[in-house]
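Biologist: Please take a close look at a single part of this model, the stretch you think is best tied to its surroundings, and describe its burial, its ring pairs and the spaces beside it. I would like one connected account rather than a list.

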Amino acid sequence: MKHALKLFAVLAVLASAAFAQVNIKYDSYTLPNGLKVILHEDRSVPLVAVNIWYHVGSANEKAGRTGFAHLFEHMLFQGSQNVGDDQHFGLIQEAGGSLNGSTSNDRTNYFQTVPSQFLEMVLWLESDRMGFLLPAMTQGKLDNQRDVVKNERRQRVDNQPYGRAFERIHALLYDPSHPYSWPVIGSMEDLSAASLDDVKEFFQTYYVPNNSALVIAGDFDAKKTKEWVEKYFGDLPKGKPVTQLSSPPPSLRGEKRDLMEDRVQLPRLYLAWHTPAFFAPDDAELDVLADVLTGGKNSRLYKTLVYDKQIAQSVVASQISRKLSGMFMIQVTAKPGYTLSELEKVVDEEIEKLKKEAPADREVLRSKNSTKASFIYRIQSIDNKADQMNSYNFYWGDPGAFNKDLERYQKVTPADIQRVVQKYLTKNRVVFSVVPLGKKELAAQPSVN
């Protein structure tokens, strides 16, 4: 017992030290056309990251015209007025750099990291596709990238084991009018229906300086970089004001159950609840709860389901945070010979335990230490640091909110964990089963009171 107390004391000291301040300096300003520019100098290696966020995601789409934001992630690499077809990739790779883009419900980002001497070239490339993509956009390019996206959907969703589960869960969790109810990748029907005029209108609405933010991080000269930003972005025309999305907090009245037969070997259970938005109160507490439940082999659900009872192959919990609202999800894959009702019963028992008694200090402390370590590791690279600054700017309006973010987790207590379990992990939830073809009896069944 003494050794355990000593160990806990050491962990407490380490936790206190781990939450020391993160000192990341930056400069930010806004061009007359509305482009937010954020500069962070880091001379540790001769590399520079250029990261741009367009404040448009699948949530900005319209029902019947879904998938546009993700489609544009592809279209912006296809060449612009002064850059040849597929030349963007070639120029960056020939410079020894790396690049990519991604799309979420809330935003689309494009990022590249290159040796410092190629910074001007990257700024020119980004400005050219922001200001001069439409003259080079053709029906042929649209058709080509539409087929690429359709094939991506086939590979990642339609023909992937459990691949359609998330779409169905979102459709159950959200009302059809809610912008999170449809998938980021869009539907085959909507992708087929997209016309060149539809796509051009979408670009003109959202891919404008006043709906974007540019982060430059790494080894660069600030004076020269500001001159280049003005040179390449300063004369791009400002777009019309973009209406900010808003939506009443979604809610469920009671429990929704559904099942899907799929070409899978093992049944999988999904439990989903509505939770607060990104950086809202209780968002961090739910992150810590997810780690208490499934973060490591000694976590509550992993130890019970996988190690002790040996009825589950794997279990993962997560707080999925977004701008309008969040979603807490627990995903459990059964071992052969067990039903999803058996798994659901054990998960519910563990949830009830947390409702009745707060987790131990050591459980929360472990999670907080793990969060801090992952956070510090992630921002060691300039490309991750640049993207994090753009994220803070978008969600919080503060590119340098590193310490503010970490403090959310530092303040979490065991009582907070008990409180959020009681508040959010109620019977107002989605219970979704994916079972092998012809094995509906393996699905989670409603309990009989």
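Modeller: A residue is called buried when its relative accessible area is under 20%, exposed when that area is over 50%, and partly exposed in between. The model is predicted, and the part I have chosen is helix α14, which spans residues 382–396.

I begin with its aromatic side chains. The count of aromatic pairs in the structure comes to 25. In one of them, the ring centres of Trp53 and Phe394 lie 5.8 Å apart with their planes at 55°, so this pair is tilted. The partners come from distant parts of the chain, since Trp53 belongs to strand β3 (residues 47–54) and Phe394 to helix α14, with these positions 341 residues apart in numbering. Both Trp53 and Phe394 are buried. A further pair joins Phe279 and Tyr395, whose ring centres are 6.1 Å apart and whose planes stand at 70°, so that this pair is edge-to-face. Here too the link is between distant parts of the chain: Phe279 sits in the loop between β8 (268–275) and α10, while Tyr395 is in helix α14, 116 residues apart. Because the relative accessible area is 10% for Phe279, this residue is buried, and Tyr395, with a relative accessible area of 15%, is buried as well.

Asn393, too, has its place in helix α14. At 10% relative accessibility, Asn393 counts as buried because the value is under 20%. Its side chain makes a polar contact with the side chain of Lys36, at 3.0 Å. Once neighbours within four places in sequence are set aside, Asn393 is in contact with Lys36, Ile38, His55, Ala213, Asp398 and Pro399.

His55 and Phe394 lead on to the enclosed space, as both are among the residues that line the largest cavity. The structure holds two cavities of 30 Å³ or more, and the largest cavity has about 110 Å³ of space. Its lining also includes Ala59, Asn60, Asp106, Asn211, Val242, Thr243, Gln244, Leu245, Lys323 and Leu324. By class, the lining of the largest cavity divides into five nonpolar, five polar and two charged residues.

The helix has a share in an open space as well. About 770 Å³ lies in the largest pocket, which is lined by 31 residues, with Phe278, Asp287, Gln319, Arg378 and Tyr409 the closest to its centre. Helix α14 is one of the elements that give two or more residues to this lining, together with α10 (283–294), β9 (312–320), α13 (361–378) and α15 (402–410). The most comes from α13, with six residues. The lining of the largest pocket is made up of 10 nonpolar, 11 polar and 10 charged residues.

Taken together, helix α14 holds Phe394, which pairs with a ring in strand β3, and Tyr395, which pairs with a ring in the loop between β8 and α10. Phe394 also lines the largest cavity, while α14 gives two or more residues to the lining of the largest pocket.

Terms used:
Residues are numbered from 1 along each chain as its sequence is written. This is a predicted model: local features need pLDDT of at least 70, side-chain atom pairs count only at pLDDT 80 or more; totals for chains, interfaces and linings use all residues. Side-chain values use heavy atoms; hydrogens and water are left out. On a 1 Å grid over the protein atoms alone, a cavity is a set of points where a 1.4 Å probe fits but cannot get out, and a pocket is an open set with protein on both sides within 12 Å along at least five of seven lines; lining residues have an atom within 4 Å of a point. Grid points are joined across faces, edges and corners, and a volume is the space filled by probe spheres set on the points. Ala, Val, Leu, Ile, Met, Phe, Trp, Tyr, Cys and Pro count as nonpolar, Asp, Glu, Lys and Arg as charged, and the others, Gly among them, as polar. Helices (H or I, at least four residues) and strands (E, at least two) are DSSP runs, numbered from the N terminus. Buried means under 20% relative accessible area, exposed over 50%, partly exposed in between (1.4 Å probe, protein chains only). A polar contact is a pair of N or O atoms within 3.5 Å; within protein, one must be able to donate a hydrogen and the other to accept it, and residues adjacent in sequence count only if both atoms are side-chain atoms. Contact means heavy atoms within 4.5 Å. Rings of Phe, Tyr and Trp (its six-membered ring) pair if their centres lie within 6.5 Å; planes under 30 degrees apart count as stacked, over 60 as edge-to-face and the rest as tilted.
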